[in-house]
Amino acid sequence: MRRREFIVRMGAATAWPLAARAQQPALPVVGFLRSTPAAPFAHLVTAFRKGMSETGFFEGQNVAIEYRWANNQLEQLPSLAADLVRRQVAAIVSNGLAVQAAEAATTTIPIVFVAGDDPVRSGLVSNLGRPSGNVTGITFFAGTRLDEKRLELLHELAPKGAPIAVLLDLNYALGENTLLNVEAAGRVLGREIMAVKVASERDFDAAFTKVVQAGAGALLVSGSPFFTSHRRALVALAAHHAVPASYDLRDFVEAGGLISYGASLSGAYRHAGNYVGRILKGEKPANLPVQQSTTFELAINLSAAKALGITIPASLLVRTDEAIE
């Protein structure tokens with residue numbers, strides 16, 4: 001074999017694997033958009049990945065995920081959503097505060113939301129069974145009953161006759177619905193309800209001081225992504241001021257909070273991952289009905305109860321899905 005022919009053949013043999021790799025299709029990219037910081041919600045990423053894996057998609061192997069976190073700076077959401085659209089992601093998954101930014105950024109890229117409000121009333125979809133358009137998702141909305149139930153649980157634990165405070169996030173519009181529901185339930189139970197509103201973490205100390213000075217017997221922390229991202233600070237303040245507090249997610253009880261009643265947020269993100277996987281396989285959001293959480297869990301931290309000097313009634317313990325020591 002002549003030298004020139006040898007060099008040509010060797011060059012072709014070397015170039016072929018490179019060309020083959022270049023011809024391999026790029027991995028589909030999924031956008032993961034949340035209004036919160038990343039660190040407190042790593043478990044939701046894990047749940048989302050698990051949901052995708054159940055449909056055959058594994059991050060880094062046959063799908064890539066672009067993460068965008070607004071760190072509770074809601075004004076950043078439009079630019080974060082627009083960036084994902086510019087990157088031509090195959091789908092976007094977002095929480096309730098981020099989904100509006102995603103909707104405004106695209107009418108074609110599939111969007112899967114995980115939200116705690118009524119998606120029909122908020123305008124996310126026109127119909128739960130056939131959402132139409134490019135948006136579908138998971139809702140753990142339970143209407144007034146969830147707020148009533150949480151107040152009823154606190155009613156069993158709080159000193160008789162003492163008012164019950166409700167902590168509200170001024171930047172989360174759904175908090176007003178919670179307040180109306182709790183006030184209505186309070187009238188039925190004969191409990192005075194006092195609203196305490198905060199706009200940032202800097203307001204937490206003053207809010208708890210107000211609760212204590214008003215002689216509130218307990219505190220109902222309304223559902224809010226902002227509150228969830230600062231759950232350790234809220235739980236610590238409740239413990240410091242010896243205020244029995246109720247929360248909407250089990251995550252608070254795991255962090256040392258007294259009691260929670262609500263849907264599983266991790267479970268919702270697992271379902272969202274499953275939906276995204278199905279969309280990557282070719283299904284349309286319009287043909288994927290909005291899933292509603294039907295199972296709600298009651299969790300109690302027995303160590304927190306002991307520290308507060310509260311004896312959990314046996315009637316409440318038998319209804320508890322998880323008692324954390």
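Which residues lie nearest the centre of the largest pocket? In this predicted model, they turn out to be Gly-116, Phe-140, Tyr-172, Leu-174 and Gly-223, picked out of a lining of 33 residues. The pocket itself comes to about 550 Å³ in volume. Sorted by class, its lining holds 14 nonpolar, 13 polar and 6 charged residues.

As for who supplies that lining, strand E4 and the helices H5 (144-157), H6 (174-189) and H8 (225-229) each put in at least two residues. H6 is the top contributor, giving 5 residues.

E4 also takes us to the sheet. This is an open sheet of 6 strands, and reading across it gives E2-E1-E3-E4-E5-E11, with parallel pairing. At the edges sit E2 (64-69) and E11 (291-292), each of which pairs on one side only. Helix H2 (residues 42-53) packs on the sheet, where it touches E1 (29-34), E2 and E3 (91-95). The direction of H2 makes about 150° with that of E2.

Further along the strand order, E4 (residues 111-115) and E5 (residues 135-139) pair in the parallel sense, with 5 bridges between them. One bridge there links Ile-111 to its partner Val-135 in E5. Helix H11 (residues 265-280) lies across E1, E3, E4, E5 and E11. Relative to E4, H11 runs at about 170°.

Put together, E4 shows up in both parts of the picture: as a strand paired with E5, and as one of the elements supplying at least two residues of the pocket lining.

Note on methods: Residues numbered from 1 in each chain as written. Predicted model: local features only at pLDDT ≥ 70, side-chain atom pairs only at ≥ 80, totals over all residues. Heavy atoms only, no water. Pairing = 2+ DSSP bridges. Helix = DSSP H or I, 4+ residues; strand = E, 2+ residues; numbered from the N terminus. Contact = heavy atoms within 4.5 Å. Axes fitted to C-alpha atoms, helices over the stretch in contact; angles between N-to-C directions. 1 Å grid on protein atoms, 1.4 Å probe; cavity = no way out; pocket = protein on both sides within 12 Å on 5 of 7 lines; lining within 4 Å. Points joined across faces, edges and corners; volume = space filled by probe spheres on them. Nonpolar A, V, L, I, M, F, W, Y, C, P; charged D, E, K, R; others polar.
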